[in-house]
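Please open the model in your viewer and keep the sequence panel beside it, since each stop below begins with a selection.

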Amino acid sequence: MTRLAELVLRRARERTGPGTMDATATDRQRWQPRWLRPTVAGLWCEPGRFYIDPTRPVDRAVITHGHADHARPGHRSTLATAETAAIMRARYGDDAGPVESLGYNVPLSLGDVVVRLVPAGHILGSAQVAIEYRGCRVVVSGDYKRRPDPTCAGFEVVPCDVFITEATFGLPVFRHPPDSHEVERLLQSLRLFPERCHLVGAYALGKCQRLIMLLRRAGYDRTIWLHGALVNLCNVYARAGVQLGPIGTVSGGARRALAGEIVLCPPSALADRWARAFPDPVTAMASGWMGIRQRVRQRGVELPLVISDHADWDELTATLDDVGAPGVLVTHGREEALVHYAASRGYRASALSVAGFEDEDD
Ligand SMILES: [Zn+2]
Ligand SMILES: [Zn+2]
């Protein structure tokens, strides 16, 4: 534990008094499920004999969603939603291995536990994993957000005994603006600079398709142009019934003709030679990290759009209260502040470190 976390926990203890949170290691053992624990390969559910989002090849994996740090190829068997299975096949081909799909909210017995996949609202097919074992229900949130997303089913609250929450944006400084506001800024720039191409960096899985749908909802019905690397996953979304409207692929010589158009590309392509052939481009990027000035500068982004597929601070804290689990484990990001918040609200809370995840998928 870092010194900051220690300090934060000590302060919280002083405020809440003894016995109301995990003051000692023994107490911690009492409320934390021993049957679900972090290992070098990932979060291991012993009575179910499976790992959740394992970082190494395992016999049985349960995958929350298709982002590369969660859905890795090479497991002997994988369980995921049908949409996540389609994403994995599109990305990995045969290397995805056998992927068994499970619909949302369909209970399935695995070993001695019952598993259910529940919408997480993060990207197409994303799921929380609800696990029941001997009268105890643990929900592993995976990545999630609470605001509506036209490309995926919304987050569902599942009452449980222990809620394991992500905390990618787990600091009070992270407050994402409404996505409609950010999309309007893009359209406004397009009206102001009709002779400039608007080149928008967006992650290939999730952000790209959500941005397209947000533009459609804002009334933008022109062709939206895609860097070749974004086409494959847009096809997966289209096959899943997400109607993206007119889409074109940018090919070599045509770039000069794209003045006044919107072109989406992977964030890495913004700094590429590829980006330079466009007519006087406005460089934009859609990411939760665009709320941080330093990251905007690093990327050389002229028009930062704060559009995140992760819960911001208000969504994280509201979710703890909505779920109302007496035990909260915080993982995958900035744990200390959320642990502190949870403890101050009377929950038993602790950080849970599971290695191998990046915060860049937003
Ligand atoms: Zn993700
Ligand atoms: Zn993630």
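The tour goes from the division into domains to individual strands and helices.

Before selecting anything, bear in mind that this is a predicted model. Begin by colouring residues 3-173 together with 310-351 as domain 1, and residues 179-305 as domain 2, which is how the chain is divided. The C-alpha centres of domain 1 and domain 2 lie 31 Å apart, and the contact between them takes 14 residues from domain 1 and 14 residues from domain 2. If you display the side of domain 1 that touches domain 2, you will find that its residues divide into seven nonpolar, four polar and three charged.

Next, turn to the open sheet of six strands, whose order is β14-β13-β15-β12-β16-β17 and whose pairing is parallel. Select 247-249 and 303-305 to see its edge strands, β14 and β17, each of which pairs on one side only. Neighbouring strands in this sheet are turned against each other by 25° on average, with direction ignored.

Within the sheet, select residues 198-201 (β12) and 282-286 (β16), two parallel strands that are joined by four bridges. A convenient pair to label here is H198 and V282, the latter being the bridge partner of H198 in β16. Adding residues 179-192 brings in helix α4, which lies across β12, β15 (262-265), β16 and β17, and which runs at about 155° to β17.

For the next stop, select residues 60-62 and 77-80, the strands β4 and β5, which pair in the parallel sense over three bridges; V62 has L79 as its bridge partner in β5. Then add residues 99-101, strand β6, which pairs with β5, again in the parallel sense, over three bridges, and where S101 is the bridge partner of A80. Which way does the chain turn as it crosses from β5 to β6, right-handed or left-handed? Tracing it through helix α3, residues 82-92, shows a β-α-β crossover that is right-handed.

Finally, select residues 313-323, helix α8, and show the side chains of W313, E315, L316 and T319, which are buried. To see what surrounds them, add 162-167 and 335-344, because the buried residues of α8 pack against β11 and α9, in contacts judged by C-beta atoms that lie within 7 Å. The last residue to pick is G324, which comes just after α8 and takes a positive phi of about 65°.

Technical notes:
Residues are numbered from 1 along each chain as its sequence is written. Chains are lettered from A and ligands numbered from 1 in the order in which they are written. This is a predicted model: local features need pLDDT of at least 70, side-chain atom pairs count only at pLDDT 80 or more; totals for chains, interfaces and linings use all residues. Two strands pair if DSSP finds at least two bridges between them. A crossover is right-handed if, with the strands pointing away from the viewer, the path from the first strand over the helix to the second runs clockwise. A residue is buried if 20 or more other C-beta atoms lie within 10 Å of its own, exposed if 12 or fewer, and partly exposed in between; C-beta atoms are placed from the backbone. Two residues are in contact if their C-beta atoms, placed from the backbone, lie within 7 Å. Axes are lines fitted to C-alpha atoms, for helices over the stretch in contact, and angles run from 0 to 180 degrees between N-to-C directions. Domain bounds come from an automatic or database domain assignment. Ala, Val, Leu, Ile, Met, Phe, Trp, Tyr, Cys and Pro count as nonpolar, Asp, Glu, Lys and Arg as charged, and the others, Gly among them, as polar.
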